[in-house]
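Take a moment to turn the model around on your screen and get a feel for it. Then let's walk through it together, one part at a time.

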Amino acid sequence: MRTPLVAGNWKMNKTVELTRSLLAEMVPDLKSVMGVEKVVCPPYTSLLAASAMLTGTDIGLGAQDLYWEPSGAYTGEISPQMVAELCRYVIIGHSERRTYFGETDETVNRKTKAALANYLIPIVCVGETLAQYEANETAEVVTHQIREGLKDLDREQTGRIVIAYEPVWAIGTGRAATAEGANQVIAGVIRAALHEMYGQKMAEATRVLYGGSVTAANAAEFFGMPDIDGALVGGASLKAPDFLTITKAAKKPSY
Ligand code: PGA
């Protein structure tokens, strides 16, 4: 059974001071939600303050990116070791990184390997653009992203991977995918590619999240789908009551 996971991607929002006030509002209710892995991913500059506030809770901390080298002359970059000092999770290959910062399936692959080697849980993002969606290329594009982004991983480490299916046209647009449509891509494309690469057990055990305009109002629909194991939430993760509602909606009925 796959434990649901809800992660908040704060993107380039919140100073340290604003991080503290959002977490002060969020943590008391969020930590009492059982049966769901909860993660917040503030900007790097807020990680230390967030880590102090999350200590002793079951809320995980994640970074939004990392670089694959352990140290050295890479101005502006953050190593996997630096991330692992404070975080358990890291988002890799978000579409905004691919679009604005030149990330490719190759860099995603290097970063994923570096994250796994440093005992982090990578949340690897894949998804097609609007043009690709309209040209009916979703299956082809997402299969390619999975095959290249997750190739040659150490099989012992693949159990830790989380994937987020985020159609680019659904991110920050208010136009979410349909729950059925997202489930179809996750089951028929993502799990199928994982099966082909790492076998049925891995394909069935891997948690795959949906992301793209998830809100307090539509989250339950996504979580009702058999192959959707949670969400990567952008805008709505900056509002404590909305993020709480989304997290509660991810609970399996037995909780
Ligand atoms: P959104 O962003 O929820 O604001 O659409 C999702 C994401 O980028 O992960």
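## Around the ligand

Let's start with a contact: an oxygen atom of the ligand has a backbone N or O atom of G234 2.8 Å away. That's a polar contact, meaning a pair of N or O atoms within 3.5 Å. Taken alone, the ligand exposes 280 Å², and the protein buries 94% of that; these areas come from the Shrake-Rupley method with a 1.4 Å probe.

Before going on, a word on what you're looking at: this is a predicted model, where local features need pLDDT of at least 70 and side-chain atom pairs count only at pLDDT 80 or more, while totals for chains, interfaces and linings use all residues. Residues are numbered from 1 along each chain as its sequence is written, and side-chain values use heavy atoms, with hydrogens and water left out.

Here are the ligand's polar contacts with H94, G172 and G234 side by side:

| Residue | Its N or O atom is in the | Distance to a ligand oxygen atom |
|---|---|---|
| H94 | side chain | 2.6 Å |
| G172 | backbone | 2.6 Å |
| G234 | backbone | 2.8 Å |

How many residues surround the ligand? There are 13, and the closest are K11, H94, E166, G172 and S213. To count, a residue needs a heavy atom within 4 Å of the ligand. Sorted by class, this shell has 4 nonpolar, 7 polar and 2 charged residues. Here Ala, Val, Leu, Ile, Met, Phe, Trp, Tyr, Cys and Pro are nonpolar, Asp, Glu, Lys and Arg are charged, and the others, Gly among them, are polar.

G172 sits in the loop between β6 (162-165) and α8 (179-198). Is G172 buried or exposed? It counts as exposed, at 74% relative accessibility. (Buried means under 20% relative accessible area, exposed over 50%, and partly exposed in between, with a 1.4 Å probe and protein chains only.)

## The whole chain

Now zoom out. The chain has 11 helices and 8 strands; helices (H or I, at least four residues) and strands (E, at least two) are DSSP runs numbered from the N terminus. Its radius of gyration is 17 Å, close to the 18 Å that the globule rule gives for 255 residues, so the chain is as compact as a globular protein of that length. (The radius is taken over C-alpha atoms, and the rule is 2.2 Å times the number of residues to the power 0.38.) Those C-alpha atoms fill a box of roughly 45 × 45 × 35 Å along the principal axes. Of the 255 residues, 53% count as buried.

## Rings that pair up

You can find 5 aromatic pairs here. In Y210 and F222, the rings are stacked, 4.2 Å centre to centre with 10° between the planes. Y210 belongs to strand β7 (residues 207-211) and F222 to helix α10 (residues 219-223), so their pair ties together parts that are 12 residues apart in sequence. Both Y210 and F222 are buried. Elsewhere, ring pairs link Y67, W68 and Y74 into a cluster. (Rings of Phe, Tyr and Trp, its six-membered ring, pair if their centres lie within 6.5 Å; planes under 30 degrees apart are stacked, over 60 edge-to-face, and the rest tilted.)

## Two unusual angles

Most residues other than glycine have a negative phi. K14, though, has a positive phi near 85°. K14 lies in the loop between β1 (5-9) and α1 (16-30) and is partly exposed, at 29% relative accessible area. N136 has a positive phi too, about 60°. N136 is in the loop between α6 (130-134) and α7 (138-149) and is exposed, at 72%.

Notes. Polar contact = N/O pair within 3.5 Å; in protein donor to acceptor, adjacent residues only side chain to side chain.
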